Amino acid sequence: MAEFPHAKPNVRNIVVVTGPTASGKTEVALNLARQLPVDLISMDSAMVYRGMDIGTAKPDRALLREFPHALVDICDPADAYSVAQFVADADAAVRRAFERGRLPVLVGGTMLYLRAFREGLADLPPADPAVRESVRQAARARGWDALHQELQQVDPEAARGIHPNNPQRLGRALEVYRQTGRPISRWWREQQDVSVGRRLGARLLEFAIVPAQRPMLHERIAERFDGMLARGFIAEVDALRRRGDLSPELPSMRSVGYRQAWQHLEGHFDRAELRQRALAATRQLAKRQLTWLRAWPGIRRFEPGDPALLAARIRELGRLEIC
């Protein structure tokens with residue numbers, strides 16, 4: 001495997017360690033932090049929420065004290081956390097790492113976050129509350145699948161990249177079209193260069209932990225979820241549900257596993273079916289992540305293996321002896 005091209009003078013490095021859920025990317029990033037002066041930055045859309053620990057596979061408190069992660073536990077589950085907020089927060093964390101003379105390492109599997117961090121975000125028009133409410137009413141009346149079909153008619157390019165089960169992105173795409181008469185994909189294409197290199201003056205080195213065999217990944221997913229159940233995942237979701245200010249419609253509670261556990265606690269199905277539904281949803285998430293990664297240009301892929309050896313290989317390929 002060839003090394004990355006040499007960086008231009010005065011261009012700093014940002015490392016990304018990504019991959020499908022349960023692939024072992026966190027362990028690789030932690031081993032990289034054991035080998036180099038690193039600032040870890042979470043790239044996980046569920047780990048931002050406080051109180052969502054077991055079901056997000058969040059590192060435990062002792063590990064977070066030893067290896068702090070920026071963008072973990074920064075948001076209450078009752079609040080939404082947007083892609084734009086992630087890019088702003090990640091940019092700030094990267095700048096702090098550079099100021100400290102440390103290597104910023106983004107670790108996580110939220111591919112939408114990675115794309116937005118890498119390419120920047122289009123300068124979209126501000127949301128119109130009335131238009132947003134009209135889209136929500138249409139979703140309640142017709143369902144998100146019908147709205148996805150509507151988006152396919154007016155903006156097939158955007159529809160190809162937005163899953164029907166992602167109401168936040170789907171709704172925003174329809175809002176922009178209804179508000180401006182222009183497809184959101186056109187706004188994306190016409191944006192100025194706001195890539196990470198332009199914003200931060202940095203070279204992005206992207207690595208993915210990707211099992212070649214799907215059954216191996218499915219086995220890892222099942223083992224991890226069974227461990228979550230043993231550590232009290234259902235009790236964690238029950239505590240969130242008893243707060244009284246959360247609902248299954250919130251982005252936090254739509255996270256894989258949490259949605260199914262909430263439905264189980266509402267009496268819709270038993271624990272055995274909870275496990276089956278959560279595993280199916282997690283496998284679907286992994287499939288989407290793998291689809292993203294197959295089309296991702298310039299990323300280096302590794303089979304899961306010894307995390308310390310993989311971290312050493314990342315150091316070698318990225319020439320990361322000096323941050």
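Here are a few worked exercises on the predicted model shown above.

**Exercise 1. Place β2 in its sheet: which strands pair with it, and in which sense?**

Step 1. Let's start with the whole sheet. It is open, has 6 strands and runs in the order β3-β2-β4-β1-β5-β6, with parallel pairing. Reading that order, β2 sits between β3 and β4.

Step 2. Now look at the ends. β3 and β6 (300–302) are the edge strands, each pairing on one side only.

Step 3. Take the β4 side. β2 and β4 (residues 103–107) run parallel and are joined by 5 bridges. Two of the partners in β4 are worth finding on screen: Val105 is the bridge partner of Leu40, and Pro104 is the one for Asp39.

Step 4. Then the β3 side. Here the pairing is again parallel, over 2 bridges, and Ile41 has Ala70 as its bridge partner.

**Exercise 2. Work out which way the side chains of β2 point, and whether they are buried or exposed.**

Step 1. Recall the general pattern: side chains in a regular strand alternate between the two faces of the sheet.

Step 2. Check it here. Val38, Leu40 and Ser42 point one way, while Asp39 and Ile41 point the other way.

Step 3. Add burial, for which the cut-off is under 20% relative accessible area. In β2, 5 of its 5 residues are buried, so both sets of side chains come out as covered.

**Exercise 3. Describe the second largest pocket: what is its volume, and which element gives the most to its lining?**

Step 1. Get the volume: about 220 Å³.

Step 2. Find the centre. The lining has 14 residues, and the closest to the centre are Val38, Asp39, Leu40, Pro68 and Arg100.

Step 3. Sort the lining by element. Two or more residues come from each of β2 (38–42), β3 (69–70) and α3 (83–99). The top contributor is β2, with 4 residues.

Step 4. Sort by class as well: 8 nonpolar, 1 polar and 5 charged residues.

**Exercise 4. Classify two aromatic pairs, Phe86 with Tyr113 and Phe225 with Phe233: stacked or edge-to-face?**

Step 1. Know the field: the whole structure holds 6 aromatic pairs.

Step 2. For Phe86 and Tyr113, the ring centres are 4.3 Å apart and the planes meet at 15°, so this pair is stacked. Stacked calls for planes under 30 degrees apart.

Step 3. Ask what the pair connects. Phe86 is in helix α3 and Tyr113 in helix α4 (residues 111–119), so the contact ties together parts 27 residues apart in sequence. Both residues are buried, and with Tyr81 they form one aromatic cluster.

Step 4. For Phe225 and Phe233, the numbers are 6.0 Å centre to centre and 75° between the planes, which is edge-to-face. The angle to beat is 60 degrees. Phe225 is buried at 5% relative accessible area, and Phe233 is buried too, at 1%.

**Exercise 5. Look around α4: which of its residues are buried, and which charge sits over the ring of Phe117?**

Step 1. List the buried residues of α4: Met111, Leu112, Tyr113, Leu114, Ala116 and Phe117.

Step 2. Pick Phe117 from that list. The charged end of Arg199 sits over its ring, 5.3 Å from the centre.

Step 3. Compare with another arginine: Arg182 lies over the face of Trp187, at 4.6 Å from the ring centre.

Step 4. Finish at the end of the helix. Gly120, just after α4, takes a positive phi of about 85°.

Technical notes:
Residues numbered from 1 in each chain as written. Predicted model: local features only at pLDDT ≥ 70, side-chain atom pairs only at ≥ 80, totals over all residues. Heavy atoms only, no water. 1 Å grid on protein atoms, 1.4 Å probe; cavity = no way out; pocket = protein on both sides within 12 Å on 5 of 7 lines; lining within 4 Å. Points joined across faces, edges and corners; volume = space filled by probe spheres on them. Nonpolar A, V, L, I, M, F, W, Y, C, P; charged D, E, K, R; others polar. Phe/Tyr/Trp six-rings, centres within 6.5 Å; stacked < 30°, edge-to-face > 60°. Buried < 20%, exposed > 50% of the residue type's maximum accessible area, 1.4 Å probe, protein only. Lys NZ or Arg CZ within 6 Å of the ring centre and 35° of its normal. Pairing = 2+ DSSP bridges.
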